[in-house]
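Please open the model in your viewer and keep the selection panel at hand. The stops below go from one pair of residues outwards to the whole chain.

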Amino acid sequence: MSRRARGGATRLDSYVDRYAARTLGMTASEIRALFSVASRPEVVSLAGGMPNITGLPLDVVGGAISDLVEHDGPAAMQYGSGQGDPGLREQICDVMRLEGIEGHPDDVVVTVGSQQAVDLVTRIFCDPGDVVIAEAPSYVGALGVFRAFQCDVVHVEMDGDGLVPAALAEAIRAVRADGKQIKFIYTIPNYHNPAGVSLASVRREEVLDIAREADVLILEDNPYGLLGFDDGPHRALRADEPDGVIYLGSFSKTFAPGFRVGWALAPHAVREKLVLAQEAATLCPPSFSQLAVRSYLSTHDWQGQVKAFREMYRERRDAMVEALEDMMPRGARWNIPNGGFYVWLTLPDGLDAKTMLPRAVTSRVAYVPGTAFFADGSGAQSMRLSYCYPTPDRIREGVRRLVAVIEEEMELRETFGTMPGARRERLASRGYESPNTDLR
Amino acid sequence: MVVLAGGLSHERDVSLRSGRRVAEALRDVGVDVEVRDVDARLLTTLRDEPPLCVLPLLHGETGEDGALREVLELLEVPYVGAPPSACRAAFDKPVAKVLVAGEAVRTPRSVTLPHEAFRELGAAAVMRLMVGSLGLPLIVKPARGGSALGCTAVRQEDALPGAMVTAFAYGATALVEQLVEGTEVAVPVLDTGSGPQALPVVSIEPDGGVYDYTARYTAGSTRFEVPAKLADEVAAECARVATAAHRVLGLRDLSRSDLMVDAEGTVWFLEVNVAPGLTETSTVPLSAHAAGLDLGELMVDLVHAAVARRAAET
């Protein structure tokens with residue numbers, strides 16, 4: 001073996017002094033590392049939010065893509081418009097009409113999933129230190145964007161009916177009293193990620209009134225709107241407020257996430273900025289994906305497919321809720337979602353979902369600790385449970401393992417005096433108490 | 001050649017990183033290498049298509065506790081690294097501390113207790129006793145495991161219960177140890193057939209003051225110096241301690257001892273790793289590089305040694 005000694009001081013990253021301040025939070029994390037185990041088949045993952053697309057008619061999709069290549073290949077593989085394919089934008093308007101929105105294709109900007117739309121909107125509105133108001137808890141992917149643009153996130157309380165209007169009004173007042181500028185209210189009004197709740201109809205008007213009165217823009221993120229189990233599509237906030245709401249939609253849950261096609265519907269002037277920001281970021285959204293989605297929507301009964309998705313997710317929701325009701329110890333609280341992918345579960349007092357996660361991974365079950373959904377890292381007593389991907393049997397098995405983990409953790413906490421109350425009573429008494437109304 | 005990486009331990013992600021890094025290094029020197037996870041098909045593959053050699057880069061349970069190596073012994077497949085019995089002793093920090101202390105090596109005073117002991121004897125009383133005997137500050141660790149997962153420094157007595165709960169989330173037994181303040185150093189020990197030799201000492205200065213998971217695996221967040229700026233006699237003592245740990249525990253091929261050097265220059269043994277991290281931010285590749293060793297060539301030498309060892313055994 002040849003030897004040429006080379007020592008000295010190093011930080012193993014020669015660019016470390018050159019990164020922008022916004023990269024400060026981009027670090028390795030213990031929790032993220034634990035999720036690496038969750039990808040193994042031995043683990044029942046109630047953590048991920050992957051849509052279950054096993055029911056997609058792949059022959060139909062394959063045929064549509066084959067036709068696309070054969071008949072429209074050069075266009076599909078070429079750069080396209082920065083705003084997105086005009087035909088697809090017309091179809092997007094048809095989709096939005098299901099939720100009461102009368103949008104014009106000219107005001108639609110196609111994006112790389114609605115995640116990129118969150119990024120573009122934040123990019124054009126937010127300077128470091130600007131305030132974004134978000135529900136408590138809020139979507140982890142959006143919080144990551146807000147953090148990257150160095151926004152201050154102010155969380156607003158939710159309950160079983162979604163965002164609490166009085167708390168929203170108070171938050172706006174308090175932020176302004178503090179001399180800070182609010183750039184927008186970020187909300188997921190339907191089948192919330194991670195809270196699983198929907199904004200009640202009567203509250204929709206109240207929220208719009210508050211935003212209108214305060215002259216604050218609303219960013220309405222609606223990836224799950226067509227995935228309601230019992231209630232039809234809710235009327236979008238944007239349907240009643242064309243000027244004060246930017247609406248974000250996605251085909252990731254109603255078709256397939258791999259195409260990465262989402263969109264923003266924005267007031268005209270904002271749309272202009274979004275197109276320029278999109279062109280700066282990607283030149284254009286991917287033509288192939290857009291045309292594939294367009295072909296799928298025009299040649300397949302896509303609404304029938306969404307109905308099939310709804311039924312599948314309903315079955316999984318039922319399996320999870322029944323398992324929770326059967327097995328969870330007293331003191332645990334959760335909501336019963338009426339659509340979407342998620343149950344928000346709050347542990348008995350004194351437990352910490354983040355600290356407990358390694359034990360859960362050892363027991364081959366995974367979830368997302370509530371801390372992921374708060375900008376300030378609070379929410380440790382709660383967790384997000386996804387029912388979208390595992391089969392009903394695996395969901396029941398996952399809940400069984402989770403309950404065993406919780407009981408071990410309760411015993412441990414009581415041993416060390418970090419848990420209030422009497423364990424025996426909780427362990428002896430299982431079962432569902434009431435819908436979770438303390439989504440804080 | 002097969003690199004085993006991944007597994008189901010809490011350190012799966014670190015293991016995957018180590019596996020990727022070593023596979024690249026081996027390919028750079030022309031070795032045909034396959035990276036494999038540990039799953040139900042592994043045994044069949046190893047039995048039906050025995051590789052020249054296995055490089056187990058699994059961190060944590062199964063990989064470092066000797067279990068997987070027992071199976072490799074049953075299969076009579078050559079593998080790089082310590083035998084199962086040595087792994088069992090080294091992976092268990094309290095056991096390793098006792099054995100290494102017998103070699104005129106200092107190791108911080110500590111207490112090792114399972115969760116049940118606290119439950120049966122009363123946690124508050126046991127914790128009071130521990131603080132009374134060991135004093136403060138303390139560090140609480142899972143007795144088995146690496147990457148600083150589940151470790152918490154305790155400077156106030158009221159932080160001890162939370163630290164215990166954190167450690168027990170990673171395993172059934174906790175090691176509560178006096179926290180030695182000073183310079184943290186890592187010392188790899190390499191043996192390619194001519195006896196264990198310590199590689200250059202690496203000093204570790206994390207930006208946040210704590211060499212936790214984030215500081216270990218975020219490039220740029222820790223400053224390393226290799227060879228560490230230590231007095232010659234202190235550096236020599238670090239090398240002696242690491243080599244002694246390697247020898248007394250019966251380790252083979254490659255190990256890494258984690259030590260502390262306090263303000264007086266006293267060297268304290270903390271733990272030894274039988275499958276040390278070989279990621280882009282790990283200390284072993286840094287030390288090897290400082291010694292003028294190419295990681296790929298080093299691995300090839302270890303493979304040759306492992307193959308020769310197996311041939312001699314059979």
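**A tour of one sheet in chain B**

Begin by selecting Leu138(B) and Val154(B), the latter in strand β6(B), which stand opposite each other. The model is predicted, so to speak of local features requires pLDDT of at least 70 and side-chain atom pairs count only at pLDDT 80 or more, while totals for chains, interfaces and linings use all residues. Residues are numbered from 1 along each chain as its sequence is written, and chains are lettered from A and ligands numbered from 1 in the order in which they are written.

Next, extend the selection to β5 (residues 138-142) of chain B, which runs antiparallel to β6(B) and is joined to it by three bridges; strands here are DSSP runs of E, at least two residues long, and helices runs of H or I of at least four, numbered from the N terminus, and two strands pair if DSSP finds at least two bridges between them.

Now show the whole open sheet, whose four strands follow the antiparallel order β4-β7-β5-β6 in chain B. At its edges lie β4 (110-114) and β6 (152-154) of chain B, each pairing on one side only.

Then add helix α5 (residues 93-101) of chain B, which packs on the sheet and touches β4, β5 and β7 (173-178) of that chain, contact meaning C-beta atoms, placed from the backbone, within 7 Å.

Finally, zoom out to chain B, which has twelve helices and 13 strands and whose C-alpha trace spans about 55 × 45 × 35 Å along its principal axes.

Methods
Two residues are in contact if their C-beta atoms, placed from the backbone, lie within 7 Å. Axes are lines fitted to C-alpha atoms, for helices over the stretch in contact, and angles run from 0 to 180 degrees between N-to-C directions.
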